[in-house]
Amino acid sequence: MGNLFSELKRRNVVRVGIAYLVISWVLIEVSDTIAPMMSLPEWAPNLVLYVLIIGLPVALFLSWAYEVTPEGVMKTEEVDRSASITHSTGRKLDRVIIAALVLALGYFIWESRFAGESEPADVEQFAEAQTVAEKSVAVLPFHNLSRDVANAQFTDGLHDDLLTQLAKIRDLKVISRTSVLEYRDTTKNMRTIGQELGVSAIMEGGVQRAGNRVRINVQLIDTATDRHLWAETYDRELSIENIFDIQSEIARNIATALKATLGEAAADAGFKAPTQSLAAYEAYLKGRLAIQISDFSLESLSSVRDHYLRAIDEDPEFALAWAALAGINDYIYWFVDLSDKNRAAILAAAEKALELAPELPEAHYAMASYYYHGLLDYDRALAELALAEDGMAGTSAFLSVRGAIYRRSGNWEAAASDFVRAAELDPKDAVLQADAIFTLTALRRFSEADARADRLPDTPQYRVLYALLKPISIESRSGDPGPALQIFDRLEDEDFGRFVPPGYYFALLLQAGRPDDALVLLERDIWTPWRDFESFYPLDFYRALAIFATDAEAAKAPLERALAGFEARIAEAPDTWFLHAPKSIVLAFLGREDESVAAARRAMEVLPLERDAYAGTDPIQNMATVLAIVGRYDEALAFLDRYLSLPPSKSLRSFMNFYPVAGLEDHPGFAALVEKHGWVQKDVSRQ
């Protein structure tokens, strides 16, 4: 054994082992430190560790089996003992070990004295460390600690309401409930969650309800260090006052930790009990949760409305419930039935909320929704939102609605700002991400839009949609359907749904010159989730478009059937622009020139650009298309010139690829149009 150890020393195996271990320790510590700074995957430091472990026996074997000589590396057995220079190599290894130890000692001192300063152990220390980092928090779904599983809804309701109260804190970024739900039973560590949601702190907790008592325990964690900043347990009698006292104390501790400023609404009104009835409050919470899982059908929305009506029955003075009722009436009006009766229901509930609580932000928000959707009065809607801003500006709902109003009123830059901010507050909401990306695309800020699309979060239920957002943006500005078709062509029937429109796939197939594939698509069982598709755009309309590309005569029969469907719907809803527009296309293909132009003009009258800067460009594009189809090229070019000058117009190539208007290119004025606008759009992203 002694001879073996002596031989190990002579061959420098011991020195190599020591040097390897010291250098490995330094590499492991450094990789663990720089991984979050460089946004490396969570497994990166572990990979370094595994590689180094595997490398140790390899290094020891090589040092035993081989020896460095003046002639190069040779097998140890082939080296003459008298010519061996292992003693010289050993001294070099000693210097390497000493240097590595000095480096390790220096790193240890730096980590303990300086890196530790960014890892505060309590609320006050953490607050001092937040002078640069954004003041942001994600509240993970609370655990239901009660034996009765029915209390899970009460627990979720408290979680949702606390997020609403936290959002009233000025300067505090609070991630919306939609984006935190997937972390309910997560095994991910806090650092990873913090990176995914873009927050500096995470709060988690649990709720236990037993009889007339409730126990709530919460803890706040620094995502950079995974250290606990603050923890508290509240054991109180179950009452409205106690629930809101607890919410208030939690919010103030978070605000202190993150050095956020409590806004006036949060400080004076945000944490006061909105009702004295626990039953009314619980019914209100149930409504809040129900709308988050609604499919926006009449049945689903009516069920949500019933919860708010029950809350009002329990407490007719519950202003917040009246405001919520106005909101659900607005959804029913806007998404289901644009009737005068439903519009009046929005106004009645919003006015009652304001009567009971004139300063309530949610009441002004409800009135803004009435002016926006009910009257399309953007100025008055924005005025009401200004009154709600102090209490709601920290919510994605407020920002997304204001962004939508800005966009429809033509203030595109302000709309982009609000949509981007809303998407940051709710990073896993597909609609908000799409709004942010497509509004940036409309402004031709393509680099910014692409950057957002490239860093979309990993959200399984929206994976297909997220994969399509950038290709859709590319098609609109370049007219190239290829990137989007590469994705659509691989989709199975079950991949289509509410957020993956088969109608868009159909349009891309026509643009790519694949009418036969478009016809096959119409026969697939993928249209059911798009309930409005058959009523607003009869399948015969799309079938005719695909057939017309190769056989205009064969397309006449489905065109006539589609026309009958549009006319029947227009008789019921004469002021619906998106019925007049496709009707005008059908008439143009049937050769009924005057009628087609009249129908296209009617679409523009129903939805003028001055009324809606967002959707109002579509009737202009439609008029250019109709005029081109019927051969009135001078007029077509004038409307097309106007369309291409506006956001959110598509590129000239995209326009020319869809409908059979090739004759337009032969007109003398077309070259000037290309010179002015280009075939594709140019990026004007901010540098």
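Author: Before we look around, one handy rule: angles under 35 degrees count as roughly parallel, over 145 as roughly antiparallel, 65 to 115 as roughly perpendicular and the rest as oblique. This is a predicted model, where local features need pLDDT of at least 70, side-chain atom pairs count only at pLDDT 80 or more, and totals for chains, interfaces and linings use all residues. Residues are numbered from 1 along each chain as its sequence is written, and side-chain values use heavy atoms, leaving out hydrogens and water.

Reader: Thanks! How do α13 and α14 cross?

Author: The axes of α13 (residues 319–336) and α14 (residues 340–356) come within 8 Å and cross at roughly 165°. Axes here are lines fitted to C-alpha atoms, for helices over the stretch in contact, with angles running from 0 to 180 degrees between N-to-C directions. Helices (H or I, at least four residues) are DSSP runs, numbered from the N terminus, as are strands (E, at least two). The two helices are therefore roughly antiparallel to each other.

Reader: Cool. Switching topic: which residues touch the most others in the largest nonpolar core?

Author: Met203, Leu220, Ile250, Ile254 and Tyr284 do, out of 107 residues in that core. A nonpolar core is a set of buried Ala, Val, Leu, Ile, Met, Phe, Trp, Tyr and Cys residues joined through side-chain atoms within 4.5 Å. Buried means under 20% relative accessible area, exposed over 50%, partly exposed in between (1.4 Å probe, protein chains only).

Reader: And which helix gives the most to this core?

Author: That's α13, with 11 residues.

Reader: How many helices and strands does the protein have?

Author: There are 33 helices and 10 strands, and 52% of the 687 residues count as buried.
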